[in-house]
Amino acid sequence: MRCPSCGATGAPEARFCDRCGAALAPRDAALDDAAPGSETASRPAADTSEAEGELVDAGDRRIVTALFADIVDYVRMVAEHDPEDVRLRVRTALHTMGGIIERLGGTREKFIGDAVFAVFGWPRAHDDDAMRAAVAAASIRAALHDPGPDAEPLEVRIGLATGEVVTMARTVPGREDLALTGSAITTAARIQSLARPGEILLDASTVAAARGRIHTKSRGAVILRGQSHPVALHVLEGDPGSNGVGLSRPPVTDHLVGRVDESARLRGLLDRCMATGAGGTVVLVGEAGIGKSRLLAELEVGARERGFAWTWTDSTSYGQGEPYRFARMFAQAVADEQGMDSGSFARSMLFTPDVDASDVRRFGGAIAAIARDAAFSGWEAEARDTPADPAAVSATLRDVAQRYIARIVAVTGPRVIVVDDLHWMDPSSEGMIDVLVRHSASHPLVVLVGTRPGPEPTWIHEPAVERIALEGLSLDETAQLATQVARAALGSEDAQQLHERTAGNPLFVTETVRAFLDDGTLSLRDGRVTLAPTTTARLPVTLRAVLGARIDSLQPDAREALGVASVVGMHFDRDSVEALLGPPIDPGTLDRLTSSGLIVAIDDRHWRFGHPLIHDAAYAGVLASRRRRLHARLADRLEAAADPLSLAMLAMHRAASGDADRAIPLLDAAATTALAMGAPTEAAGFWRAAADLARDPEAAERYRSRADAVSAVPV
């Protein structure tokens with residue numbers, strides 16, 4: 001069967017194209033408009049066929065998680081039921097799936113017969129897009145399996161895959177849209193077809209990008225149709241919103257590296273609380289991946305040994321719009337410890353004999369307003385007493401929270417409450433956090449909060465609140481963590497390079513070492529691991545997602561400036577960036593980039609990237625075709641300056657532009673100059689670059705031999 005989008009030939013039974021992921025012969029094309037407002041002509045399409053239209057060099061490269069969901073037994077339904085009834089059922093199911101995807105921040109690309117294709121990470125990236133996609137998949141499965149009393153359950157097969165895609169503008173007759181191309185799209189489509197009814201399959205990249213926050217089991221590795229390398233498959237387990245999909249804490253497998261002083265301060269607070277009966281609150285502030293959750297999780301064993309109960313709660317970026325989400329999750333977590341549903345446990349805490357009957361009605365009515373999930377039910381009788389005034393509900397819930405917290409501590413004893421990812425807290429639950437913090441000053445209650453830099457809550461200035469800013473690991477600690485991940489010692493020079501590249505961010509260190517082990521950049525020799533001399537600095541998918549989300553949150557002008565600056569290099573100046581952009585840069589743009597921590601000011605006209613991984617993420621997001629043009633323009637600018645000191649830079653920009661005829665002589669000259677200056681490593685790099693560009697095999701071998709020879713020269 002030939003794909004109508006890209007022309008590739010696929011197997012007769014294929015549902016999706018191996019090359020571009022487009023639908024092949026939908027079973028019922030009329031269902032493509034299944035959901036209200038689903039005009040596929042205005043949606044991005046899952047291909048980049050030049051035959052279908054003229055591709056315009058505008059777009060970017062990004063990491064996304066693709067989701068393909070296909071309703072099971074469509075053929076049987078058509079055979080056993082009236083076609084109109086089938087159409088209505090499928091239309092309703094697709095509408096449900098589309099609503100779940102959009103609620104969790106995904107983009108529903110198109111409906112394809114009885115299937116849906118969506119991406120998470122475009123047009124806006126989040127650093128938890130893989131997690132969002134997993135929750136969406138589990139929610140779709142649950143919603144279709146239990147559609148309500150008057151509907152027949154449906155089963156779905158779902159595939160999730162994460163990887164880089166290219167988004168490019170495409171002009172076709174009558175419209176202009178964006179096309180997405182990347183192996184993640186075809187992989188998701190292929191593994192969906194391998195899933196059993198009701199099963200959700202994920203590739204290894206999706207599991208890694210979820211960073212330990214989902215439960216999976218291995219299904220082994222397969223070679224997918226149209227691909228040459230095996231893909232490791234994993235089955236998603238659990239239900240949406242439960243600990244089966246979102247773990248209550250990060251997995252703790254190895255010992256904590258560094259954080260000696262911070263750990264001592266936290267343990268000291270526990271000891272003071274047990275000695276005095278009054279606790280306090282500690283707020284850990286740090287960027288994504290800096291180790292806030294890991295440090296908090298490390299404290300659990302010691303807290304329990306001291307006699308504390310331990311409750312872990314966290315917020316999610318996709319749950320911010322759900323009223324009182326944190327309050328309900330916290331109530332359920334505490335009730336789970338007692339083996340009760342949260343509604344019954346809340347009654348036992350709130351309704352003691354000394355409570356006035358009017359407070360019973362008032363408390364019950366307010367709780368009924370937020371008791372949305374089944375586990376927190378049992379308040380239906382009080383719903384009629386719910387105050388009509390939202391302000392009255394909020395005020396009553398604050399009274400409920402004060403009594404509830406005081407009673408929990410009085411009944412269950414000293415307690416540690418972890419509030420992770422405070423920056424994603426739903427606004428309606430902020431009052432409950434305020435109650436927790438204030439109670440910690442006078443009760444045997446310790447509140448530990450993890451959050452990212454940004455606006456801080458008003459209670460952070462309370463006397464019983466400590467603030468700890470987490471910075472990157474030291475050089476020695478970076479080496480220790482790298483050794484722990486690699487299971488072998490890392491040399492001092494290689495550790496220094498790794499530390500400079502990652503700024504000591506534990507997540508960045510861990511993922512970089514793993515990526516280097518996978519691609520051979522780190523090799524094991526005599527019980528030690530060393531960086532290969534030709535390090536290509538591949539950026540792992542996990543870090544592309546985290547850093548890409550930071551970049552995506554910028555204003556368009558700041559994103560554009562950052563991408564162009566990355567082409568200039570790790571260090572850049574205003575003149576070079578403006579020469580490539582065209583119009584002058586608004587000073588506020590660079591100020592915003594500086595305040596975000598993505599770049600660091602050297603003086604009023606020169607900057608550098610915060611660390612190499614930020615540079616690499618920004619550079620990776622620029623379309624390759626545009627990068628080549630920008631490198632060529634930079635090379636022209638350097639050539640016009642006729643600065644002999646810029647030979648190496650000129651050679652690198654010419655090479656990056658793909659202009660082999662002009663780049664190779666420059667690379668050869670730069671290598672000779674570097675060798676004369678006693679820099680054989682740099683010389684080898686220039687000759688290897690020349691070898692990669694050379695079209696003549698003999699010339700390529702000659703440059704490669706020179707590189708190998710000087711690599712052996714002692715530095």
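A residue counts as buried when its relative accessible area is under 20%, and as exposed when that area is over 50%. The exercises below apply this definition and others to a predicted model.

**Exercise 1. Determine whether Leu-562 is buried or exposed, and identify its contacts beyond its sequence neighbours.**

Solution. Step 1: locate the residue. Leu-562 belongs to helix α18, which covers residues 556-568.
Step 2: apply the cut-off. The relative accessibility of Leu-562 is 1%, so this residue counts as buried.
Step 3: list the contacts. With neighbours within four places in sequence set aside, Leu-562 touches Ile-551, Leu-554, Leu-593, Leu-598, Ile-599, Phe-609 and Ala-618.
Step 4: consider a separation along the chain. Thr-589 is 27 residues away from Leu-562 in sequence, and their C-alpha atoms are 9.5 Å apart.

**Exercise 2. Establish how far helix α21 is enclosed, and name its buried residues.**

Solution. Step 1: count. Helix α21 spans residues 612-620, and 7 of its 9 residues are buried.
Step 2: name them. The buried residues are Leu-613, Ile-614, His-615, Asp-616, Ala-617, Ala-618 and Ala-620. One of them, Ala-618, is also a contact of Leu-562.
Step 3: conclude. With 7 of 9 residues buried, α21 is therefore largely enclosed by the rest of the structure.

**Exercise 3. Compare the span of helix α3 with the expected span, and describe its surroundings.**

Solution. Step 1: take the length. Helix α3 comprises residues 129-145, which is 17 residues.
Step 2: compare the spans. From first C-alpha to last, α3 reaches 24 Å, close to the 24 Å expected at 1.5 Å a residue.
Step 3: examine burial. Because 14 of its 17 residues are buried, α3 is largely enclosed by the rest of the structure.
Step 4: inspect the loop before the helix. Pro-123 lies in the loop between β3 (115-120) and α3. The peptide bond joining Trp-122 to Pro-123 is cis, and its omega is near 5°.

**Exercise 4. Characterise the packing of helices α24 and α25.**

Solution. Step 1: obtain the geometry. Helix α24 (residues 660-676) packs against helix α25 (residues 680-693) at an angle of about 160°, and their axes are 8 Å apart.
Step 2: classify the angle. Angles over 145 degrees count as roughly antiparallel, and α24 and α25 are therefore roughly antiparallel to each other.
Step 3: assign the handedness. The crossing of α24 and α25 is left-handed.
Step 4: list the participants. On the α24 side the contact includes Ala-660, Ile-664, Leu-667 and Asp-668; on the α25 side, Glu-682, Phe-686, Trp-687 and Leu-693 are among the residues met.
Step 5: sort by type. The residues of this contact comprise 15 nonpolar, 1 polar and 2 charged.

**Exercise 5. For Asp-421 and Arg-487, both with positive phi, decide whether each is buried or exposed.**

Solution. Step 1: Asp-421. This residue, which is not a glycine, has a phi of about 55°. Asp-421 sits in the loop between β11 (415-420) and α13 (430-440). Its relative accessibility is 9%, so Asp-421 counts as buried.
Step 2: Arg-487. This residue, likewise not a glycine, has a phi of about 65°. Arg-487 is placed in the loop between α14 (475-486) and β14 (489-490). With a relative accessible area of 61%, Arg-487 is exposed.

**Exercise 6. Summarise the protein chain as a whole.**

Solution. Step 1: the secondary structure amounts to 26 helices and 19 strands.
Step 2: of the 715 residues in the chain, 51% are buried.
Step 3: among contacts with a separation of 6 or more, 70% join residues 24 or more positions apart.

Notes. Residues are numbered from 1 along each chain as its sequence is written. This is a predicted model: local features need pLDDT of at least 70, side-chain atom pairs count only at pLDDT 80 or more; totals for chains, interfaces and linings use all residues. Side-chain values use heavy atoms; hydrogens and water are left out. Helices (H or I, at least four residues) and strands (E, at least two) are DSSP runs, numbered from the N terminus. The expected span of a helix is 1.5 Å times one less than its number of residues. Buried means under 20% relative accessible area, exposed over 50%, partly exposed in between (1.4 Å probe, protein chains only). Axes are lines fitted to C-alpha atoms, for helices over the stretch in contact, and angles run from 0 to 180 degrees between N-to-C directions. Angles under 35 degrees count as roughly parallel, over 145 as roughly antiparallel, 65 to 115 as roughly perpendicular and the rest as oblique. A crossing is left-handed if the near helix is turned anticlockwise from the far one by less than a right angle, and right-handed if clockwise. Contact means heavy atoms within 4.5 Å. Ala, Val, Leu, Ile, Met, Phe, Trp, Tyr, Cys and Pro count as nonpolar, Asp, Glu, Lys and Arg as charged, and the others, Gly among them, as polar.
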